[in-house]
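Good morning, and thank you for making time for this presentation. Please have the sequence and the structure open while I speak.

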Amino acid sequence: MYVIGLTGGIASGKSTVARRLVEHGAVHIDADKLARRVVEPGTEGLAKIREVFGDSVVGKDGTLDREALGAIVFSDAAERDKLNAIVHPAVRRLSSELFAKAEAEDPDAIVVYDVPLLVEAAVDHPFDLVVVAHAQKKTRVQRLVEERGLSGEHARARVDAQASDAERFAIADVVIDTDGSLANTMSQADALWQRIKDESAVRAS
Ligand SMILES: CC(C)(COP(=O)(O)OP(=O)(O)OC[C@H]1O[C@@H](n2cnc3c(N)ncnc32)[C@H](O)[C@@H]1O)[C@@H](O)C(=O)NCCC(=O)NCCS
Ligand SMILES: Nc1ncnc2c1ncn2[C@@H]1O[C@H](COP(=O)(O)OP(=O)(O)OP(=O)(O)O)[C@@H](O)[C@H]1O
C-alpha cells in the first residue's frame with residue numbers, strides 16, 4: 001500500500017485534487033466524512049459534545065447543530081481544543097480501520113487520506129508522501145464567501161483557526177498551487193499521479 005497524506009487550508013482545493021486522484025484509481029479516505037460519522041445520533045462522540053457544549057448544539061431532531069457548534073469553536077481556540085479532543089481520537093481510530101481494510105482488499109492500493117488538519121491533529125499514520133494543496137488566504141476567503149455563502153468575517157475566522165501556510169509547507173513533499181485555473185490544478189494532480197505510479201512501481205520491483 002502507498003499512502004498519500006493530502007492536506008491544505010479550508011477551501012484550498014484538497015477535495016478537487018483527491019477527486020482527480022480517485023479518477024486515476026486511488027482509494028479515498030476523507031477525514032471530514034469520518035468526523036461527521038463519529039458524531040452521528042447515538043454515538044459516544046455526540047453524547048460527549050452535548051455534555052461539554054450543552055443542549056444548544058443539538059437540534060430538535062437529535063442531530064448535531066453544526067452551525068451552532070461552528071459559531072462557538074471557530075471564534076474561540078480553547079473551545080475548539082475541547083471539540084478536537086473529542087472528535088480527533090475517534091477519527092484516528094476509524095481511519096486506522098479503513099487503512100487496514102484498504103490494505104487487506106488490495107496490498108498494492110494507492111490510498112489518498114484527505115485530512116484538513118494534518119498539522120494540527122497529530123495524525124499517527126505513516127505517509128509515503130505528504131501533499132499540500134495551497135491557495136492564498138484571499139482566494140480561500142473568496143471561495144468560502146462566493147461558493148459556500150459564509151460572511152467575510154466567518155470565512156476569515158475559519159482560515160485563522162487553522163495552521164499557517166508555513167507550518168504546512170514545512171511538512172510538504174509536494175505543493176499543489178490552486179490559485180490558478182481548475183485545469184492547471186488538474187494537470188498538477190495528473191503529474192503527481194504519474195510520480196506516485198513511478199515510485200510505487202520502483203518500490204514493487
Ligand atoms: C465545527 C463543525 C461542527 C462545523 O461543521 P461545518 O459543517 O460547518 O464544517 P465542516 O465539518 O464541513 O468543515 C469544513 C472545514 O472546516 C475546517 N475545520 C473543521 N473543523 C476544524 C477544526 N476543529 N479546526 C480547524 N478547522 C476546522 C476544515 O478545513 C474542514 O474541511 C465541524 O467542522 C467539526 O465537527 N469539526 C471538528 C472535527 C474536525 O476537526 N474536523 C476536521 C477534520 S478531522
Ligand atoms: N484552481 C483551482 N483548484 C482547485 N479548486 C478550485 C480552483 N479554482 C476554483 N476552485 C474551486 O474552489 C473550491 C475548492 O473546494 P474543495 O472542496 O476542493 O476544497 P477543500 O480544500 O477540500 O475544502 P474544505 O477544507 O472545506 O473541505 C471548489 O469549489 C473549486 O471548484
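How many bridges join β1 to β3, and do they run parallel or antiparallel? Five bridges join the two strands, and the strands run parallel. Before going further, I should state that this is a predicted model.

Let me place that pair in its sheet. The sheet is open and has five strands, in the order β2-β3-β1-β4-β5, with parallel pairing. At the edges stand β2 and β5; each has a single partner strand, so one side of each lacks a neighbour in the sheet. From one strand to the next, the twist averages 25°.

Individual bridges give us the register. Between β1 and β3, Tyr 2 has Ile 110 as its bridge partner, and Leu 6 stands opposite Asp 114. On the other side of β3, strand β2, residues 27-30, pairs with β3 in parallel through four bridges. There, His 28 stands opposite Val 112, and Ile 29 stands opposite Tyr 113. Turning to β4, we find five bridges between this strand and β1, again in the parallel sense. Thr 7 of that pairing stands opposite Val 132 in β4.

Now to burial. Is β3 enclosed or open to the outside? Strand β3 covers residues 110-114, and five of its five residues are buried, so the strand is largely enclosed by the rest of the structure. As a general point, side chains in a regular strand alternate between the two faces of the sheet. In β3, both faces are covered: one carries Ile 110, Val 112 and Asp 114, the other Val 111 and Tyr 113, and all of these are buried. Strand β1 is mostly covered as well, with six of its seven residues buried.

I turn next to α1, which spans residues 14-24. Which of its residues are buried? They are Lys 14, Val 17, Ala 18, Arg 20 and Leu 21. These residues cover an arc of only 160° around the axis, and therefore lie on the same side of α1. The general background is that an α-helix has 3.6 residues a turn, so residues three or four places apart point the same way. The cover over the buried residues of α1 includes β1, β2, β3, β4 (129-134), β5 (174-177) and α9 (182-204). After α1 comes Gly 25, with a positive phi near 125°.

Just before that helix there is a backbone feature to examine. Ala 11 lies in the loop between β1 (2-8) and α1. Its phi is near 60°, a positive value in a residue other than glycine. For context, most residues other than glycine have a negative phi. Ala 11 is buried, because 24 other C-beta atoms lie within 10 Å, and the cut-off for that class is 20 or more.

A second loop residue offers a contrast in burial. Ala 172 is found between α8 (165-171) and β5. With 18 other C-beta atoms within 10 Å, Ala 172 is partly exposed. Setting aside its neighbours within four places in sequence, Ala 172 is in contact with Val 130 and Val 132. From Glu 147, by comparison, Ala 172 is 25 residues away in sequence and 27 Å away in space, C-alpha to C-alpha.

Finally, the two ligands. Around ligand 1 there are 18 residues, of which Ile 10, Ala 35, Arg 66, Gly 70 and Pro 116 come nearest. The elements that contribute two or more residues to this shell are α2 (31-37), α4 (66-73) and α5 (77-105). Which element gives the most? That is α5, with five residues. By class, the shell of ligand 1 has 11 nonpolar, three polar and four charged residues.

Ligand 2 has 19 residues around it, and the nearest are Gly 13, Ser 15, Thr 16, Thr 178 and Thr 185. Here α1, α6 (137-148) and α9 each supply at least two residues of the shell. The composition by class is five nonpolar, 10 polar and four charged residues.

To close, I would return you to the sheet order, β2-β3-β1-β4-β5, and to β3, with its two covered faces. Thank you; I am glad to take questions.

How values were computed. Residues numbered from 1 in each chain as written. Chains lettered and ligands numbered in written order. Predicted model: local features only at pLDDT ≥ 70, side-chain atom pairs only at ≥ 80, totals over all residues. Near = placed C-beta within 6 Å. Nonpolar A, V, L, I, M, F, W, Y, C, P; charged D, E, K, R; others polar. Buried ≥ 20, exposed ≤ 12 C-beta atoms within 10 Å, placed from the backbone. Pairing = 2+ DSSP bridges. Arc of directions from axis to C-beta. Contact = placed C-beta atoms within 7 Å. Axes fitted to C-alpha atoms, helices over the stretch in contact; angles between N-to-C directions.
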